[in-house]
Number of protein chains: 4
Amino acid sequence: MSSSTEQNANFPASEQVELSGHIIDSLILPKVLDEIVSLGGEFEFQDVQIGHRRRDASRVTLTVRAASNEALEEILVAIGQHGAMPLDIQDARLEPADMDGAFPEGFYCTTNEVTEVRVDGGWIPVDRAEMDCGLVVDDSKKFARCIPMCDVAQGELVVIGRQGTRVHPVERDRSGHDAFSFMNSTVSSEKPKGVTVRDIAQSMHRTRDESGKILIVAGPAVVHTGSRNHFSWLIENGYVNVLFAGNALAAHDIEQSFFDTSLGISMTHGKAAEEGHEHHLRSINRIRRLGGIPQAVESGHLKSGIMYECVRKEIPYLLAGSIRDDGPLPDVVTDIVEAQRKMRELCEGVTFCLMIATTLHSIATGNLLPARVKVVCVDINPATVTKLADRGTYQTIGVVTDVEPFLRALVQDLAGLKK
Amino acid sequence: MSSSTEQNANFPASEQVELSGHIIDSLILPKVLDEIVSLGGEFEFQDVQIGHRRRDASRVTLTVRAASNEALEEILVAIGQHGAMPLDIQDARLEPADMDGAFPEGFYCTTNEVTEVRVDGGWIPVDRAEMDCGLVVDDSKKFARCIPMCDVAQGELVVIGRQGTRVHPVERDRSGHDAFSFMNSTVSSEKPKGVTVRDIAQSMHRTRDESGKILIVAGPAVVHTGSRNHFSWLIENGYVNVLFAGNALAAHDIEQSFFDTSLGISMTHGKAAEEGHEHHLRSINRIRRLGGIPQAVESGHLKSGIMYECVRKEIPYLLAGSIRDDGPLPDVVTDIVEAQRKMRELCEGVTFCLMIATTLHSIATGNLLPARVKVVCVDINPATVTKLADRGTYQTIGVVTDVEPFLRALVQDLAGLKK
Amino acid sequence: MSSSTEQNANFPASEQVELSGHIIDSLILPKVLDEIVSLGGEFEFQDVQIGHRRRDASRVTLTVRAASNEALEEILVAIGQHGAMPLDIQDARLEPADMDGAFPEGFYCTTNEVTEVRVDGGWIPVDRAEMDCGLVVDDSKKFARCIPMCDVAQGELVVIGRQGTRVHPVERDRSGHDAFSFMNSTVSSEKPKGVTVRDIAQSMHRTRDESGKILIVAGPAVVHTGSRNHFSWLIENGYVNVLFAGNALAAHDIEQSFFDTSLGISMTHGKAAEEGHEHHLRSINRIRRLGGIPQAVESGHLKSGIMYECVRKEIPYLLAGSIRDDGPLPDVVTDIVEAQRKMRELCEGVTFCLMIATTLHSIATGNLLPARVKVVCVDINPATVTKLADRGTYQTIGVVTDVEPFLRALVQDLAGLKK
Amino acid sequence: MSSSTEQNANFPASEQVELSGHIIDSLILPKVLDEIVSLGGEFEFQDVQIGHRRRDASRVTLTVRAASNEALEEILVAIGQHGAMPLDIQDARLEPADMDGAFPEGFYCTTNEVTEVRVDGGWIPVDRAEMDCGLVVDDSKKFARCIPMCDVAQGELVVIGRQGTRVHPVERDRSGHDAFSFMNSTVSSEKPKGVTVRDIAQSMHRTRDESGKILIVAGPAVVHTGSRNHFSWLIENGYVNVLFAGNALAAHDIEQSFFDTSLGISMTHGKAAEEGHEHHLRSINRIRRLGGIPQAVESGHLKSGIMYECVRKEIPYLLAGSIRDDGPLPDVVTDIVEAQRKMRELCEGVTFCLMIATTLHSIATGNLLPARVKVVCVDINPATVTKLADRGTYQTIGVVTDVEPFLRALVQDLAGLKK
């Protein structure tokens, strides 16, 4: 439990804080330590009193150090949300509202946890816990309450900043069943997408330049959504070292080469072609007649598309069978144990894996990859990404977005990185 | 029931077809007429025997005309799927399979409907109905069966083309409850997206050039996903004549201007900012202190973003209140009846409406618009688009895609059209 | 184009209506005919002028007959929505509003289509089309407008009933791309569920009693959601004649028998069991050691559950392999072409198919079934049902609901029917 | 850092374990402490060396105590997954496979993390990390590898149990952007539902018996799905103390009372009623004519349903306006700031909140409730539950299920508890 003093030169700002309650049982201590470190600070344990049984309270005193007073303040604010309080506490700063319906700048923003305010050296409980409000202390300085922005009146005493406030987070109830605790946050479709795509592009670019091995797992939506050219660009430019897919991706890719449709929808004008639903069958049949995809390329029948590029660039691919398959193409490995064996072999040395719009193949591949492989899973359906994580592929980054524009943006970003 | 003969010059190819069964009750006749016309052909009724009661069969004879034999063939194939048979019927063409495991080119693709093949002048029933197979007739020419591609053996007699085949579509059961008929196809996320975006861009461009009025209804995901610049471009370039939104879009737009975050997520590097969840509250509070959005622009506090552009370009906007609102911004119309009235006024003259990532405001707007207004609804969640249609806004085009890349592509397409 | 007069005795009420415009191209005529028949009426064509080219208008006169004046009125109202107008037209009924903010009972409800009102023998256009409003005619009787309920003032002249009103539905634009027409309504989770389940129960019961053949296709969620007992009840009571599933359903079913967990979650108290994620692997391994599921039953190792009941009741089952499979169980058919062949055999004679919570196996089975087989697809995810229909299994009834309560209710309803 | 020795009488089994690496930065230490406590054990720190900077490794030695050797083993297995290793380490147990294609019982199940096996006193790295496999050591005892169940050959040396194995979990990369870390697990629709409903029923029952206050927030799907009677039962039996809803729930509830339809769908037979889409408008209009819902009850016009029961039982309700509303009903609070104020008042003293099928009202209510209130959110759409948690209502229990069967099961369970 040591902390070399030489370090302190880099962390001149410090504060002693205390944390008490069921801080282990409620994951509060871990969160606090994690916040300190992730905000660039460091901590030193001063005193640790751990409750023996689950219901016993614990009490920990830490010294928090940071590179500047500002950084320290940021840490204290963050860990204050989890109930960590400076030992040296001051009264809350109060300022009268200068107008109706709005707080002074710098007002304290409430959470929905039990909260107290320190006024004249004593702690006043806050009357009602409601998130996203301000805190008002009455003139007698004996009562405090949450008040929404639109209800504050000029002259009311508003708490400014976090000094002199403390919260008592609700502890998780772990008795009996966990029906009341299985909730967690999740993948969201509401993130700045440009940033995410740029990060993925950089990872792929770095992987290629460092001679890593990129595995792409792709579903037929790559073809249906009109993204075939983007995908072909990735192959041509060295961003695909192995391809896992099924009969459908290859069949619709070839359908587009032969008929300019995918599942019968014209890729040029988006309309359904008459009899178009038969195009993929006729495409599979033609490849079966020719003996396989490489033969179709060599004989000059297949002249464009994803599978064509794979053959031309000698990218190994594995088309794994499923009971939904029409045909299937002669290249499909129809025995699933055999397919798994080949996938396992091709996974050797993979360092980056991009999964696009396929639940079946993504989960199957996730099952085979070591945890150290970075996996990005792109799907318009949040459930696919969630399922992948639920089955233990924890290293997955989920991106809930649409295939075509994702690949379009990825190609644009990669093209920019090449220069 | 006339058909002027002068037309026939343009439609030299013709064939008489017959349709029988519960063709009205099953929507079969309508579908056939619709197919003929939509494939560029025309029809003339020869004889119409309509069953009186629901259970009575009907029988209709039509002459189908088309511009060429090829076009006629296409029509006959399409309407043959619904059971329309040429009066002048020929035997099916049979060809021996030239190899195992694949059909000859041009093979007949089966549906899952009851099917018959005409051999030696008589109709043979097909043993089992399965879609996406071929049809094989046995040597005795007395039996026919569906066979999957992989099971055909060299020498077996395969039906080629559709000549001499007929199907009997299952009729809808309409007795009693309709639990067995409420199913329909739906919006799909698997369409060529580039084509769809291009169509929308052309519609918007045409609307602007013809001095139509474009209404945009937008949710806060426009800001969260990092699409604010795309949206601002639309305003600057005249593609937005009215904006409907709520407190959240404006608040997060202003949050980005003030703090470079949206719901606390940095728009530059995608990370959560410490205390960032308070940024939108502080932004709303600041605007309340200034008196409103126009005042914030005029006083130089608000210098960028969607609301800034609206003020600068004098685009009328309506921010409608909801019970989820924090604050709200002073510009929000908090009484919903009053908000509806203002929306109604601003809807006057709208000719094109683009709804982006908001269920509440989209449905509210859909309720106000005349059917003649073209409405495009973009959402990553198919349910939003579906709900819009279910409530009677039938003219809606649903696009299931991601906001940021959609707007990015739309701006690129519009920028291309401008030149 | 005849209509036997003897029928007219049953349909004493009649009215001549006219329909004009692009009624074929816009599917309007079909819809009108369909509505008449489905509302229990009948029609007789009087005059049919069909436009030759897509852009030419058509004009059809029909006699509509119904069993009573009330039924006739209902039909006229319904087809009036599509623009079918009685030849014998009367003025709209006007009544002054008797209070502010509400219409008189029986007020005309507007659509969002172009609408006209007949006043003093002439047609007045309605100023603005908005759905779900009332219609008010001004004192001069020269102007009419849509007005929302809350805005009507006492004394204003409100249109009552549909008499003397007509709408002009927007026609579908079919030129060029169909981006603006691919929208349709869809499966909905918002239907009275009790009724739907009751219908399904009746179908299954009837199928069993008529010695039909019921195929169940089921995913592992049947086990995860705690529905195994419901399913076993179905087997025991003769409602399952064939079972299609994958390795996962069988593995988790056996896991529950061996460990009382499913994917490691306790089926008794809902908590995750420590090491529970290994239970399915250990279960598969144990069955592999025993040689297969029937051997495990015969040797007394497997004593409960779905697979146990299948073996005991000699219900044929097909476990089809997929590349996601762990193990797999020795009973799994790992070659997918072989699995399809066996599924095809077992589909022989199936008359009712219930698909529960599996996209892969449902679509694979849908591909094999004739159209005449009634298919019910139950999934909590609307996308699964939609995909099934998109691939051509049009006869499917989609039920968007949760597996466990669905099966619970189904078993309750079936148990009730048995008595 | 003390641990009273008297406790040890209850925890006779103990083991010293060591944990090293970036155990703070990677949340590994927290997880380990949490696992120990949650599995019923206790821990005592022996030595804690915390790295100062993020990149420095830490090293912690703990004594783990448990109530039995079996319980201790369970804990050691659990924390071993996170890299916690007993200080006193033994070689792995090896056993030759007794057959092809299956492991001996008790085989070690692999994770996808970097793994080592202890053989002859030294650690051998495992060649490839793949989850859900077994571990085989070659005859030279110098190499170990993951092997899938189906590939093991008789005689190969298989690792049994976890003794003598260790894993090195991948550490989270926290440099730069967090695109590679925003993924978490989520609400799932695949849980044993009966258990969850039973837990909720018990909570509601306890709340009622302890004179707590139950708030129900409900959307119109309660009516559409045919659940009105279940809901009325809850009111009648004292399980509803406050109701929050919108215009739609009340309007469709009243529509069902007046017309036996909801959004025009018959609640008796599930079919669309002709003109049924107008029923809710006519219902709203009629209530407007009567002055409000209480007046409609008192005058005998409204005789059944949710709103009727609320009036009869004097349950306070708040109908909050939204811009989607038709009418609205006179009882709706149309100003959203006013509605929030009233909701805030009615939230006073609430101890349990059940939210059913409404995103808007659920999030609005979640914003107002203190964190200590237990919140259960039921929706068929996982996104609603997720959104609630994303906005800070962390105490929410999400249940992804269908409204009608959920309420049916809840009522059944509550009826059972009453006895």
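## Reading strands, helices and a chain contact

Author: Let's start with one pair: C:Ser14 stands opposite C:Arg65 in strand S3 of chain C. Keep in mind that this is a predicted model.

Reader: Okay, so how many bridges join S1(C) to S3(C), and do they run parallel or antiparallel?

Author: Look at the two stretches side by side. Strand S1 (residues 13-21) and strand S3 (residues 58-66) of chain C are joined by 9 bridges, and they run antiparallel.

Reader: Which residue stands opposite C:Val17 in S4(C)?

Author: That's C:Pro86. Strand S4 of chain C covers residues 85-86, and 2 bridges tie S1(C) to S4(C), again antiparallel.

Reader: Now chain A. What is the order of the strands in its open sheet of 3 strands?

Author: To read a sheet, follow the pairing across it. Here the order is S7-S6-S11 in chain A, with antiparallel pairing. Strand S7 (122-125) and strand S11 (165-168) of chain A are the edges, since each pairs on one side only. From one strand to the next, the twist averages 30°.

Reader: How many bridges join S6(A) to S11(A)?

Author: There are 4, linking strand S6 (residues 114-119) of chain A to S11(A). One to find on screen is A:Glu116, whose bridge partner in S11(A) is A:Arg166.

Reader: Helices next. How do I check the length of H3(B)?

Author: Here's the general idea: an α-helix has 3.6 residues a turn, so residues three or four places apart point the same way. For length, use 1.5 Å a residue: the 17 residues of helix H3 (residues 193-209) of chain B should span 24 Å. The end C-alpha atoms of H3(B) are 24 Å apart, which agrees.

Reader: How many residues of H3(B) are buried?

Author: Count a residue as buried when 20 or more other C-beta atoms lie within 10 Å of its own. In H3(B), 12 of the 17 residues are buried, so this helix is largely enclosed by the rest of the structure. Among them are B:Val195, B:Ile200 and B:Met204, along with charged-looking names you might not expect, including B:Arg198 and B:Asp199.

Reader: What do the buried residues of H3(B) pack against?

Author: Their partners come from two chains. Helix H13 (403-418) of chain A is one, and chain B itself adds strands S12, S17, S18 and S19 plus its own helix H13 (403-418). After H3(B) comes B:Ser211, with a positive phi near 55°.

Reader: How many residues of chain A are in contact with chain B?

Author: 50 residues of chain A are in contact with 50 residues of chain B. On the chain A side, helices H2, H3, H4, H7 and H13 each supply at least two residues. H7(A) gives the largest share, 6 residues. By class, that side has 22 nonpolar, 12 polar and 16 charged residues.

Reader: What share of the residues in chain A is buried?

Author: Of its 419 residues, 56% are buried. Chain A has 13 helices and 20 strands.

Reader: Last one: what is the mean pLDDT of chain A?

Author: Read pLDDT along the chain as well as on average. The mean is 84, and 86% of the residues of chain A reach 70 or more. Over residues 1-7 of chain A the pLDDT is below 50, and this stretch has 7 contacts beyond near neighbours in sequence. Residues 172-187 of chain A are also below 50, with 41 such contacts in the model. For the model as a whole, the scores are ipTM 0.77 and pTM 0.80.

Definitions and conventions: Residues are numbered from 1 along each chain as its sequence is written. Chains are lettered from A and ligands numbered from 1 in the order in which they are written. This is a predicted model: local features need pLDDT of at least 70, side-chain atom pairs count only at pLDDT 80 or more; totals for chains, interfaces and linings use all residues. The expected span of a helix is 1.5 Å times one less than its number of residues. Two residues are in contact if their C-beta atoms, placed from the backbone, lie within 7 Å. Ala, Val, Leu, Ile, Met, Phe, Trp, Tyr, Cys and Pro count as nonpolar, Asp, Glu, Lys and Arg as charged, and the others, Gly among them, as polar. Two strands pair if DSSP finds at least two bridges between them. Axes are lines fitted to C-alpha atoms, for helices over the stretch in contact, and angles run from 0 to 180 degrees between N-to-C directions. pLDDT is the predictor's confidence in each residue, from 0 to 100.
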